[in-house]
Amino acid sequence: MRPAIDSHGRVWFGEMGQNYLASFDPRSKTFEQITPPQGQAGIMGIIVAPDNTVWYAEQYANYIGHYNPINKHFDIYTLPTVTKPDPTSSKQTLKLPVAPNELLLDRQGNIWFTEMNADAIGKLNVKTGTFSHYPLSKPRTVQKLSPYSITQDRQGKIWFTNSGTNTIGSLAPTNGSLRFYTPPTPADQDPFSLMEITSDPSGMLWISTFNTNNIIHFDPHRESFTTYAAPGTSRGIPGIYGLLATSSNDIWATVSASNSIVHFNVKTKAFDYYPIPSSNCTPLGISQAPDKSFWFTESATNQLGVLKP
């Protein structure tokens with residue numbers, strides 16, 4: 001799904017088909033595959049901390065994991081479950097994992113994450129090992145909002161996408177206050193299926209849409225949306241998934257329908273495409289290495305790709 005790169009240039013990612021936390025060393029061109037404790041082939045979000053340790057969300061096993069490559073030690077932080085009525089029986093309930101999906105590391109060293117099933121944002125205090133949970137609805141719902149992606153702006157505010165309602169939200173860590181915003185949908189289109197969200201260095205928010213070839217810009221000061229349509233060739237599944245802001249002017253994304261990596265110049269509004277040699281590879285996550293190259297996952301061809309613009 002989503003690669004993350006350490007300071008040595010090593011690429012970390014989850015192998016969901018084989019239940020591995022994996023890494024690739026570009027210098028030796030070797031892979032390492034590690035079976036995570038209690039893993040259920042559900043590694044989604046991955047981030048590398050400044051000390052080169054790896055944090056990951058095990059969505060199916062319902063925990064936040066921490067791996068130290070030096071001593072090969074894992075720490076597991078188990079999450080609670082949520083319940084919902086069983087649609088097949090009015091007298092029964094279903095117990096579900098909160099389903100952590102994507103992570104971020106804040107300036108205090110805490111791990112924030114989206115809880116897709118629990119319709120909540122979670123925070124792990126790394127120093128104490130304790131969780132805080134911020135429900136996104138009152139009364140609390142389950143599997144309605146499906147918060148997906150998460151980022152933090154320059155002021156420390158947490159931003160996230162709700163894939164179930166196609167909205168974005170903000171959470172103030174100081175008091176837990178919430179706000180929600182809905183991007184306008186063109187009259188001839190279905191509502192956007194919002195996926196990734198990232199904050200650029202100037203504090204602007206960028207959002208990818210998985211059912212269209214649109215990148216959405218949100219100005220939190222003016223509370224205004226602007227939509228930019230990336231030209232597509234429709235050779236694969238529609239939509240844009242991975243999203244990366246390397247500067248306030250440079251947005252990079254994976255475009256599945258065009259089987260490409262795309263660069264969007266914010267000043268000129270121009271899209272530049274870099275076709276991927278592997279045909280119909282369904283590129284998903286993207287990350288930038290210390291040498292400024294871009295690594296991405298090719299989910300349909302079981303490969304990692306690298307772009308050196």
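Two strands pair if DSSP finds at least two bridges between them. Strands are DSSP runs of E with at least two residues, numbered from the N terminus. The model described here is predicted: local features need pLDDT of at least 70, side-chain atom pairs count only at pLDDT 80 or more, and totals for chains, interfaces and linings use all residues. Residues are numbered from 1 along each chain as its sequence is written, and side-chain values use heavy atoms, with hydrogens and water left out.

**The sheet of strands 23 to 26**

Strands of a sheet pair through backbone hydrogen bonds, either parallel or antiparallel. Here, four strands form an open sheet in the order 23-24-25-26, with antiparallel pairing. Strand 23 (240-245) and strand 26 (270-275) stand at its edges. Each has a single partner strand, so one side of each lacks a neighbour in the sheet. On average, neighbouring strands of this sheet are turned by 20 degrees against each other, direction ignored. That angle is taken between axes, which are lines fitted to C-alpha atoms; for helices the fit covers the stretch in contact, and angles run from 0 to 180 degrees between N-to-C directions.

Strand 23 pairs with strand 24 (residues 250-255) in the antiparallel sense, over four bridges. Leu-244 stands opposite Trp-252 of strand 24.

**Strand 6 and its two partners**

Buried means under 20% relative accessible area, exposed over 50%, and partly exposed in between (1.4 Å probe, protein chains only). Five of the five residues of strand 6 (residues 54-58) are buried, so the strand is largely enclosed by the rest of the structure. In a regular strand the side chains alternate between the two faces of the sheet. In strand 6, Val-54, Tyr-56 and Glu-58 point one way. Trp-55 and Ala-57 point the other way.

Strand 5 (residues 43-48) pairs with strand 6 in the antiparallel sense over four bridges. Ile-46 stands opposite Tyr-56. The two strands form a hairpin with five residues between them.

Strand 6 also runs antiparallel to strand 7 (residues 63-68), joined by five bridges. Glu-58 faces Tyr-63 of strand 7 across this pairing, standing opposite to that residue. The hairpin of strand 6 and strand 7 has four residues between the strands.

**Backbone exceptions**

Most residues other than glycine have a negative phi, and most peptide bonds are trans. The table lists residues with a positive phi.

| Residue | Phi | Place |
|---|---|---|
| Asn-52 | about 70 degrees | turn of the hairpin of strand 5 and strand 6 |
| Asn-62 | near 65 degrees | hairpin of strand 6 and strand 7 |
| Ser-146 | about 50 degrees | loop between strand 14 and strand 15 |
| Thr-282 | about 50 degrees | loop between strand 26 and strand 27 (283-288) |

Ser-146 is buried, with a relative accessible area of 16%. Thr-282 counts as buried at 18% relative accessibility.

A cis peptide bond joins Lys-138 and Pro-139, with omega about -10 degrees. Pro-139 sits in the loop between strand 14 (130-135) and strand 15 (147-152). Ser-146 is found in the loop between strand 14 and strand 15 as well.

**Asp-25**

Asp-25 lies in strand 3 (residues 20-25). Asp-25 is buried, with a relative accessible area of 16%. Its side chain reaches the backbone nitrogen of Arg-27 at 2.9 Å. Asp-25 touches Arg-10 and Thr-30 (heavy atoms within 4.5 Å). That list does not count residues up to four places away in sequence.

Note on methods:
A polar contact is a pair of N or O atoms within 3.5 Å; within protein, one must be able to donate a hydrogen and the other to accept it, and residues adjacent in sequence count only if both atoms are side-chain atoms.
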